[in-house]
Amino acid sequence: MRETARLVATLAGARVAGSLPPSVDAIATDSRAVRPGTLFVALRGERTDGHNFIADALARGATAIVLEDPNLALTNAIVLSLSDRRSNPNVALSNPNVALSNPNVTLSLSKGVPAIIVSDTRVAASALADAFHDHPSHALIVIGVTGTNGKTTTTHLLRDVLEAAGIACGVIGTLGGEFRDLRWPLANTTPLALELHGLLAAQRDAGAQAVAMEVSSHALALHRVDHVRFRVAVLTNITRDHLDFHGTLERYAAAKRRLLDLAPDQVIDLDDPFGARFASELDHPFPYYIDAEPQGGLHATDLQLQGDGSTFRVGSHEFTINLPGRFNVRNALAAMGAAVILNVGIPIETIARGLATTRSVPGRMERFGAFGIDAIVDYAHTPDALENVLRAVRETTKRDLIVVFGCGGDRDHGKRAQMGEIAARLADRVIVTSDNPRSEDPMTIARDIANGYQRTHIELDRRSAIRRAIDEARAGDTVVVAGKGHETYQIVGHETRPFDDRDEVRIAFAKRADSR
């Protein structure tokens with residue numbers, strides 16, 4: 001239970017019509033979660049508009065409604081009559097024309113349910129969630145990690161470094177929320193504001209002192225993290241992704257850039273073109289890099305890349321990670337940079353020990369093998385990620401490199417041909433299969449990828465594609481299954497089916513053994 005006036009006071013420029021209740025028991029953005037005593041926020045989401053569910057929230061006992069003013073310059077405002085709404089559920093509360101055609105009607109609620117008018121309910125939801133949970137990020141060291149690739153691995157490396165230093169650290173991201181033995185499943189890489197602040201509060205209350213958190217471009221664009229107090233922002237890289245949502249690469253990059261403005265300190269990869277550009281715009285960014293000209297920060301040299309890990313030097317110190325690939329050296333540098341810039345006195349030896357603790361991250365270069373064949377399952381679902389993985393594997397595989405992958409439906413179509421070209425160029429054999437086709441025709445997606453490349457075959461059934469790759473592989477070959485990584489489902493049409501690439505690889509090896 002929270003004092004309503006204190007919550008509303010966090011909403012800059014809010015106007016209240018009606019009398020606020022003394023307190024609220026909960027906040028909800030889904031009308032189905034409303035119970036008596038709930039403050040309902042009519043959230044404008046990506047696909048649905050909460051203003052269309054105000055009637056349902058009222059019917060379920062909402063004690064107050066937060067909504068947007070449909071005309072920010074309006075002085076008399078809109079009609080929101082509870083009695084009319086209950087007697088006629090078809091009254092359109094979110095239609096701007098209602099307000100504009102009735103400019104002389106004052107805002108009123110006949111049954112004592114107040115309306116709280118704000119300019120953006122997404123920003124309001126963030127502020128309210130933060131206040132409702134007593135500002136959990138203020139009691140935590142929160143490190144936000146954004147970028148197209150590397151977020152999950154970087155947060156896990158950073159968690160292990162902080163834990164090695166005696167700083168109890170949780171993680172929030174694509175794999176869910178984690179703190180020690182506690183797990184919280186999440187539907188989004190960065191949860192909606194209400195869930196996010198609730199999760200931060202749960203980790204705080206469980207004893208966490210820090211949280212390493214993945215921050216998605218969607219979360220930044222939709223204001224989910226506006227009221228998280230970040231201590232450090234980390235930018236790994238920016239390459240093509242989510243253009244179906246952002247429209248252009250520049251707008252996608254601009255969304256990522258927002259995180260750098262939400263934290264007092266920034267850790268940035270200077271080898272990334274966007275990173276180098278953003279670093280030039282900031283006062284004192286902390287850089288890390290492999291290829292750029294030495295200029296302070298963390299410069300990795302003497303890289304030794306093996307199939308099961310890597311070693312490298314920063315200055316006079318040597319570091320070992322149990323993760324393969326040049327890109328994972330970059331992820332380790334990002335985690336190191338965050339640990340250093342926190343300025344909490346973590347010795348370099350402790351950082352090295354923490355980095356060496358990370359044995360694997362689910363669905364990230366996760367290795368399996370039998371019959372002299374290596375199989376790797378990775379989440380790579382962007383052109384840059386797929387190229388990084390295949391280049392890393394190419395350096396260590398003894399014979400042929402076989403890749404199995406697809407692209408998701410209802411997403412950026414432009415990356416399909418790019419990923420097909422990368423696979424055809426770097427692999428010896430390519431099997432194009434179905435990923436999460438959603439509402440699209442799987443064969444159309446596959447043809448967009450395959451694009452007539454030689455040594456590229458289409459097998460739409462993902463299970464059959466994986467088994468074919470394992471069956472055809474010879475000792476010394478490496479099979480990469482890319483695109484889904486840790487995911488345990490496949491979305492076909494409107495149906496979500498159980499499917500785990502890792503299980504399918506294991507089964508394929510077992511069936512090959514049975515056939516001998």
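Analyst: A helix here is a DSSP run of H or I with at least four residues, and helices are numbered from the N terminus. The model is predicted.

User: How many residues apart are R425 and E421 in helix α15?

Analyst: The two form a salt bridge, with their closest N and O atoms 2.7 Å apart. An α-helix has 3.6 residues a turn, so residues three or four places apart point the same way. R425 and E421 are separated by about one turn of the helix, which is 4 residues.

User: Is R425 buried or partly exposed?

Analyst: Buried requires a relative accessible area under 20%, and exposed requires over 50%. R425 has 39% relative accessibility, so it falls between the two cut-offs. R425 therefore counts as partly exposed.

User: How many residues apart in sequence are the parts that R330 and D269 tie together?

Analyst: R330 and D269 form a salt bridge, with the closest N and O atoms 3.8 Å apart. R330 counts as buried at 18% relative accessibility, and D269 counts as buried at 3%. R330 belongs to helix α12 and D269 to strand β14 (residues 265–269), so the pair ties together parts whose separation in sequence is 61 residues.

User: What separation in sequence do the parts tied together by R180 and E163 have?

Analyst: The side chains of R180 and E163 meet in a salt bridge of 3.1 Å, N to O. R180 lies in the loop between β10 (176–179) and β11 (182–184), while E163 lies in helix α6 (residues 151–164), so the parts they tie together have a separation of 17 residues.

User: How many salt bridges does a search of the whole structure find?

Analyst: Some salt bridges share partners, joining R399, D400, R429, R468, E472, R474 and D477 into one network. For the whole structure, the number found is 42.

User: How far does helix α12 reach from its first C-alpha to its last?

Analyst: The helix covers residues 326–341, which is 16 residues. At 1.5 Å a residue, a span of 22 Å is expected. The span in the model is close to that, at 23 Å.

User: Which helix gives the largest share of the largest nonpolar core?

Analyst: This core has 38 residues, and those with the most contacts inside it include F312, L333 and M336. The largest share is 9 residues, and these come from α12.

User: How many of the 16 residues of α12 are buried?

Analyst: A residue is buried when its relative accessible area is under 20%. The helix is mostly covered, and the number of its residues that are buried is 14.

User: What is the nearest side chain of opposite charge to R512?

Analyst: R512 is in helix α18 (residues 501–514) and is buried, yet it has no salt bridge. A salt bridge needs a nitrogen within 4 Å of a carboxyl oxygen, and the nearest side chain of opposite charge is 5.5 Å away. The side chain of R512 does reach a backbone oxygen at 3.3 Å. That oxygen belongs to the residue whose side chain was asked for, D471.

User: Near what value is phi of F371?

Analyst: F371 is among the residues that R512 touches. It is found in the loop between β19 (366–370) and β20 (373–378), and it is partly exposed, with a relative accessible area of 26%. Its phi is positive although the residue is not glycine, and lies near 60 degrees.

Conventions
Residues are numbered from 1 along each chain as its sequence is written. This is a predicted model: local features need pLDDT of at least 70, side-chain atom pairs count only at pLDDT 80 or more; totals for chains, interfaces and linings use all residues. Side-chain values use heavy atoms; hydrogens and water are left out. Helices (H or I, at least four residues) and strands (E, at least two) are DSSP runs, numbered from the N terminus. The expected span of a helix is 1.5 Å times one less than its number of residues. Buried means under 20% relative accessible area, exposed over 50%, partly exposed in between (1.4 Å probe, protein chains only). A nonpolar core is a set of buried Ala, Val, Leu, Ile, Met, Phe, Trp, Tyr and Cys residues joined through side-chain atoms within 4.5 Å. Lys and Arg count as positive and Asp and Glu as negative; His and the chain ends are not counted. A polar contact is a pair of N or O atoms within 3.5 Å; within protein, one must be able to donate a hydrogen and the other to accept it, and residues adjacent in sequence count only if both atoms are side-chain atoms. Contact means heavy atoms within 4.5 Å.
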